[in-house]
Amino acid sequence: MTVVDPVSVEARLRDFQAITDAALSRLDDRDLLAELMDRTREVLQADTAAVLLLDFASGQLIATAAAGLEEEVRQGVRIPVGRGFAGRIAAEHKPVVLDRVDHTTVMNPILWAKGIQSMVGVPMVAGGRVIGVLHVGSLTARRFTRDDVELLQLAAARAAAAVQSMTAQADRVAVTALQHSLVPSALPAVAGTEMAARYIPGSGAVGGDWYDVFTLPAGHVCVTVGDVAGSGLNAAVIMGRMRSALRAYALETPDPAEVLSRLDRKMQHFEPDALATVLYAVIEPGLDQMRVALAGHFPPVIARPGQPAELADVQTGALIGVVPGAQRPVTTVAIPPGALLCFFTDGLVERPGEVIDDGLDRLCRAMTAEPPEAACAAVMGALVGSEPVRDDIALLMIRHHAEKEKDADA
């Protein structure tokens, strides 16, 4: 067996650090991982190198990048965690060295068909959990040393950091695009009303906040505001599914409580781990009242002409995804002419170290029965100002025209 000379390990390490630091400055994930594979193979004097990333949903490792073993990626190789060489590394969270490569030690036939004689693999770890496996192989029999394992672990750590960074960036781009596609690009024109809205993505991981306004064939104006628990792409995808489902159920019944019950039933069946707060309101065609049902969400704020703004007195119900078969009460809220309604998500009013009532009080003080655009500007100025937004904010204002304004419009 060939034993790689350990004398030049420090030089190899410096070389490897230099090239991986340069590679990590790139944004293209394919180029970055390809460069990492080439450098890993070169520094370890190996013939093959491959990265398999863990798909948490399926519990399988998926071949993602390779050098000298491109067949793994091109054929979409998948290895269950706990099985075979790579699966064992992921399950045991520790390096594995193989001095014999055949059907008894590896699951993937490509490896022994390639003629690989010896292999070493290490887990890729990020945030304290295994996200994949990096392995190298030799076409001649050799004994991989402890120094080889340490170099490979360094490569795996840098690859894991790069993958995590790129995944987060890609997720954020996808989430932002998804949210922008689902938030109304234009608010509906409804005679007798004015509307304005704001949607501000948070500076942290983007979440699952949304708002929606649409009309029903009978002339009702429907408003929904929601917040899916969690953040990132998964929360945004769930948000999109909830929005679409709610619209479909709204066409089947004018009862806000029934719409939320159907939405809850659908989510608990198809998204059993999802939690969300949702407000759903149906404004009557005459615009003089609305029926509101809450699934753990804040009630709207209402500013009546000449009066301080206040939270509407609306009964609340269980969050979506918590109680099977939960029924939410429906509250009827009068909307006098000139009144302004404000619907929002918690990013507008919640601040670290504060009780939520302080944020709600600030919102009420900032609101008056003025045109919605001016009201949105006033509220955002008072509650956000120049501070960075940590959580997503969805804000929607709807104003019922005063009688004289409706006459002027006519």
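Strands, like helices, are DSSP runs numbered from the N terminus (E of at least two residues for a strand, H or I of at least four for a helix), and two strands pair if DSSP finds at least two bridges between them. The structure I present this morning is a predicted model, in which local features need pLDDT of at least 70, side-chain atom pairs count only at pLDDT 80 or more, and totals for chains, interfaces and linings use all residues. Residues are numbered from 1 along each chain as its sequence is written, and side-chain values use heavy atoms, without hydrogens and water.

I begin with the sheet. It is open and antiparallel, with six strands in the order 4-3-2-7-6-5. Strand 4 (78–80) and strand 5 (96–98) lie at its edges, each pairing on one side only. Three bridges join strand 4 to strand 3 (residues 60–67) in the antiparallel sense, and there I62 stands opposite R78.

Helix 4 (residues 84–92) packs on this sheet. Among the strands it touches, with contact meaning heavy atoms within 4.5 Å, are strand 3, strand 4 and strand 5.

I turn now to the interior. A nonpolar core is a set of buried Ala, Val, Leu, Ile, Met, Phe, Trp, Tyr and Cys residues joined through side-chain atoms within 4.5 Å, where buried means under 20% relative accessible area with a 1.4 Å probe, protein chains only. The largest such core has 30 residues, and L134 is one of those that touch the most other members. Helix 6 (146–182) gives this core its largest share, ten residues. A second, separate core has 28 residues, including V221 and I283.

Note on methods. Axes are lines fitted to C-alpha atoms, for helices over the stretch in contact, and angles run from 0 to 180 degrees between N-to-C directions. Buried means under 20% relative accessible area, exposed over 50%, partly exposed in between (1.4 Å probe, protein chains only).
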